[in-house]
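Hi everyone, thanks for coming. Let me put the structure up on the screen so that we can walk through a few parts of it together.

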Amino acid sequence: MVTDRALIQYDIPACRRLWQERFEDSDAFCDWYFSERFVPALSAGVFLSSNGTEQLVSMAHGRLLPLSIAGKPRLSLMVGGVATRKDAERRGYMRLAMQRIREIAAASGAELLVLSPVDPTIYTGLGYIVCAESLRVRTVGGSPLPMVSEPDAKSLLGCYTRCAMRYDFAPCRTPEAMQSRIGELRSDGAELVVLTSAERMLGYAFFNRAENRAEEVFAEDTDAYLRLLQGMPAGLDAMLPPDLPLNGKRHAQLMALSAGSDHFAVVSGRTAYCPEEF
């Protein structure tokens with residue numbers, strides 16, 4: 001028998017096994033994720049039940065996050081960890097998990113469900129639409145910036161607020177949320193470089209050599225972005241806001257769905273971009 005429900009604390013070991021089977025993340029990251037980020041009650045699971053036992057075959061994880069849209073915070077359920085066991089694919093289990101998590105989102109008070117698609121066509125059939133893009137460019141290296149071993153959350157938050165909050169779908173970060181973001185990036189091996197003037201931080205970049213990508217990069221202007229691209233190791237895949245006048249490729253970065261209806265639209269005239277992938 002197939003059942004779907006909100007996840008509970010008891011499900012964490014099964015969720016972690018499925019996560020590592022499908023995403024191959026490090027133990028260090030999974031230790032951080034399942035102790036600091038995972039919220040079972042906001043997540044959905046699909047189970048095969050037999051003789052009183054359940055086997056997790058598909059899941060979708062959720063967490064509540066206010067996103068800035070048209071200059072106002074809108075509570076959203078960020079959907080990630082969407083995964084189905086390899087031997088259970090193409091049987092409709094993911095659709096069941098996504099239907100359940102939409103019900104969870106509506107009950108939680110979230111206005112939107114937002115996710116980062118590997119393949120947008122998978123979610124189009126569920127009603128999601130692309131709501132934000134990113135610009136992908138390669139770092140050029142050549143002018144290394146100093147590495148920061150102890151990130152200053154207050155300075156990073158100030159720079160983030162100046163650089164990111166002009167975009168729709170940017171997370172509204174508190175000092176605690178900024179510290180959590182730093183913990184997330186560092187748990188997976190990310191390194192940090194910063195660009196500063198005598199007065200303030202002009203930009204920063206978290207990058208991961210092992211995964212060959214720059215995961216969160218913000219700067220006050222195009223020149224500062226170029227200096228960050230030169231200040232990191234060459235050849236990394238850097239995710240940047242889509243309105244920068246730089247050569248690169250645009251990617252669908254976020255998709256969204258209303259928690260309460262089949263229609264979703266944002267009309268603000270602002271560029272949409274989010275530095276986090278879910």
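One definition before we start: the expected span of a helix is 1.5 Å times one less than its number of residues. And please keep in mind that this is a predicted model.

Let's try that on helix 5, which covers 153–164. With twelve residues at 1.5 Å each, helix 5 should span 16 Å, and its end C-alpha atoms are 15 Å apart, so the two values agree.

Now, which residues of helix 5 are buried? They are Ala153, Leu156, Leu157, Cys159, Tyr160, Cys163 and Ala164. These residues cover an arc of only 165° around the axis, so they sit on the same side of helix 5. Here is the general background: an α-helix has 3.6 residues a turn, so residues three or four places apart point the same way.

What covers those buried residues? The cover includes strand 7, helix 6 (175–187), strand 8 (191–196), strand 9 (201–208) and strand 10 (213–219).

At the N-terminal end, helix 5 is capped by Asp152. A side-chain oxygen of Asp152 lies 3.2 Å from the backbone nitrogen of Lys154.

Moving past the helix, we reach Phe169, in the loop between helix 5 and strand 7 (170–171). Phe169 is not a glycine, yet its phi is positive, at about 75°. Is Phe169 buried or exposed? With 1% relative accessibility, Phe169 counts as buried.

Arg90 is another non-glycine residue with a positive phi, here about 60°. You'll find Arg90 in the loop between strand 4 (72–84) and helix 3 (93–108). Arg90 is exposed, with a relative accessible area of 87%.

Terms used. Residues numbered from 1 in each chain as written. Predicted model: local features only at pLDDT ≥ 70, side-chain atom pairs only at ≥ 80, totals over all residues. Heavy atoms only, no water. Helix = DSSP H or I, 4+ residues; strand = E, 2+ residues; numbered from the N terminus. Buried < 20%, exposed > 50% of the residue type's maximum accessible area, 1.4 Å probe, protein only. Arc of directions from axis to C-beta. Contact = heavy atoms within 4.5 Å. Polar contact = N/O pair within 3.5 Å; in protein donor to acceptor, adjacent residues only side chain to side chain.
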